Amino acid sequence: MSKGSPDVCDFLANNTQVGDSFVISSTAEDDVTKINQIVYGVISPLIIFFGIIGDILTVFTLTNPLLRKSSIIYTYLTLLAMTDLLTQLSVIPMITFLQGRVVCSEAAAFYYAHVGFPLANALMGSSVYIIIFLTLSQYMAVCRPFAYGMRSRKICYILFAIAYVCNFCLNAPWAMKKTYMEIPPELRSEFSYECRYVICDSNPPVWYKPYEVVREFFCRILPFLVLVFLNASILYTYRSTKMDRLKRLTNSQKRFVTEKSEKEEKRLFTLLFAICIVFFVCTIPAAPLAVFVSDTLSKNLNFQIFRAIVNLLEFTKFALNFYFYCLINPEIRSICSHIITCKKLHRPARVKGQPMTPISMYTRSTKSRDLAMNGTTTTSATTESRRSSTNQDGRRSSSLKKNGMRDRANTVVQADVLADKLTVIRESETDDIGDKI
């Protein structure tokens, strides 16, 4: 806020005069101003800058034709990146407001008082919900693998809309917490206030404080509990499935598989544990801050230090979502590096119903190759029959050879029939199974 704005609010609200309290608190206010200048003027812009770059790279990478419809997880990550990008853009006016650098107009005052904080926090809550729905999709893939309907793109977009609607409805009453007042011209010089309007705390109704507790529970605490439960269930199911598979292996196979599975389990545990810890450290402390923040604590140095640290942690979380959720995927890293270096991306066609192997590149020539093999087999069978007619003593052996060659010819014909059934998938046909459900 601008220097002296809490005193202006107090004067306008209670019609009191400026006394010695304003002079005594000037030292603490100077310290708070220095902290705000460092935190919101230097550190926060750097974090937001790297976050915006990461989110833009995420959108360009995950909307690439190679990834756009390859997995439902990439759709969630794209929506998460777009939400985080909007979040960080919406935070920029508010960090300038916390530095005291405001636009002096009634429209700007209305935005700072009734729109800025609810909008930024609604987008933050939407990002948190998208992370929960992303984890839910992974939970369904691991723990409920046959529930295909829950992993369709239609469900993904429905959950995305639910995240926005719920969070904007939950944060809409936040607009009542502050208001703006007009400062008489004779008081601007007395309070060293340049703008015509000042942003102050309003007098909300009695139910507003319980509402804040409920809002923070549903926006931050409950999502954390759900995230812990889903990740713990994923890890438990992974370990149970691994133990069942090991029981079916021989002792010689168990040595190699056990060592490899233990490394994978350790890597999975580290990732899921890190997600929960980062979510807790960067999100949960903001809950009490949003409830207790007010103009009366604007000059409290300890509270403002706590507020600055919590805001930096929350900015960092939304800025690191790209690096935390996307760059751990080698396929996304590869495509992202190609986009940054402006290299062209290629991918061979995939045979429908078959894994992506080099043999799929030669599917089109399979039929002609099998026809050539057919012709060679027929020629060798005819030559063998001529030789058997000139040698009467070897009729039985030649007939056996002839029958053997006929069996081989029949096998080649069957292979030719199977080759005719293989078709090459075009890039436009590579869509997720869930889209058809």
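1. Helices and strands are here DSSP runs, of at least four residues for a helix (H or I) and at least two for a strand (E), numbered from the N terminus. On that footing the protein, which is shown as a predicted model, has 14 helices and four strands.

2. Of the 437 residues of the protein, 40% count as buried. The protein exposes about 25,000 Å², and carbon and sulfur atoms supply 64% of that area. Among the contacts between residues at least 6 apart in sequence, 79% join residues that are at least 24 apart.

3. The structure holds one disulfide, which joins Cys 104 to Cys 195 with an S to S distance of 1.8 Å. This pair links distant parts of the chain, 91 residues apart, since Cys 104 is in the loop between helix 4 (72-99) and helix 5 (106-143), while Cys 195 is in the loop between helix 7 (185-188) and strand 2 (197-201). The torsion about the S-S bond of Cys 104 and Cys 195 is about -50 degrees, so the disulfide is left-handed.

4. The two partners of the disulfide can also be described by their accessibility. Cys 104 is partly exposed, with a relative accessible area of 47%, whereas Cys 195 counts as buried at 5% relative accessibility.

5. Two further cysteines deserve a remark. For Cys 166, the closest cysteine sulfur is that of Cys 169, at 7.0 Å, which is too far for a bond, because a disulfide requires a pair of cysteine sulfur atoms within 2.5 Å. Cys 166 is partly exposed, with a relative accessible area of 31%, and Cys 282 is buried, with a relative accessible area of 9%.

6. Helix 5 has 38 residues, which at 1.5 Å a residue should span 56 Å, and its end C-alpha atoms are 54 Å apart, in agreement with that expectation. Helix 5 nevertheless bends by about 50 degrees at Val 115, and a proline, Pro 118, follows within four residues. Of the 38 residues of helix 5, 27 are buried, so this helix is largely enclosed by the rest of the structure.

7. Helix 11 (residues 301-325) has 25 residues, for which 1.5 Å a residue gives an expected span of 36 Å, and the distance of 36 Å between its end C-alpha atoms agrees. Helix 11 also has a kink of about 40 degrees, centred on Ala 319. At the N-terminal end of helix 11, Asn 300 acts as a cap, with a side-chain oxygen lying 3.2 Å from the backbone nitrogen of Asn 302.

8. Asn 231 is found in helix 8 (residues 208-247), and at 4% relative accessibility this asparagine counts as buried. Leaving aside residues up to four places away in sequence, Asn 231 touches Thr 135, Leu 272, Ile 275 and Cys 276.

9. Pro 288 has its place in helix 10 (residues 286-292), and at 37% relative accessibility this proline counts as partly exposed. Pro 288 and Glu 212 are 76 residues apart in sequence, and in space their C-alpha atoms are 9.4 Å apart.

Terms used:
Residues numbered from 1 in each chain as written. Predicted model: local features only at pLDDT ≥ 70, side-chain atom pairs only at ≥ 80, totals over all residues. Heavy atoms only, no water. Buried < 20%, exposed > 50% of the residue type's maximum accessible area, 1.4 Å probe, protein only. Contact = heavy atoms within 4.5 Å. Areas by Shrake-Rupley, 256 points an atom, 1.4 Å probe, with all protein chains shown as cover. Expected span 1.5 Å × (residues − 1). Bend = angle between axes of the 7 residues up to and from the residue. Polar contact = N/O pair within 3.5 Å; in protein donor to acceptor, adjacent residues only side chain to side chain.
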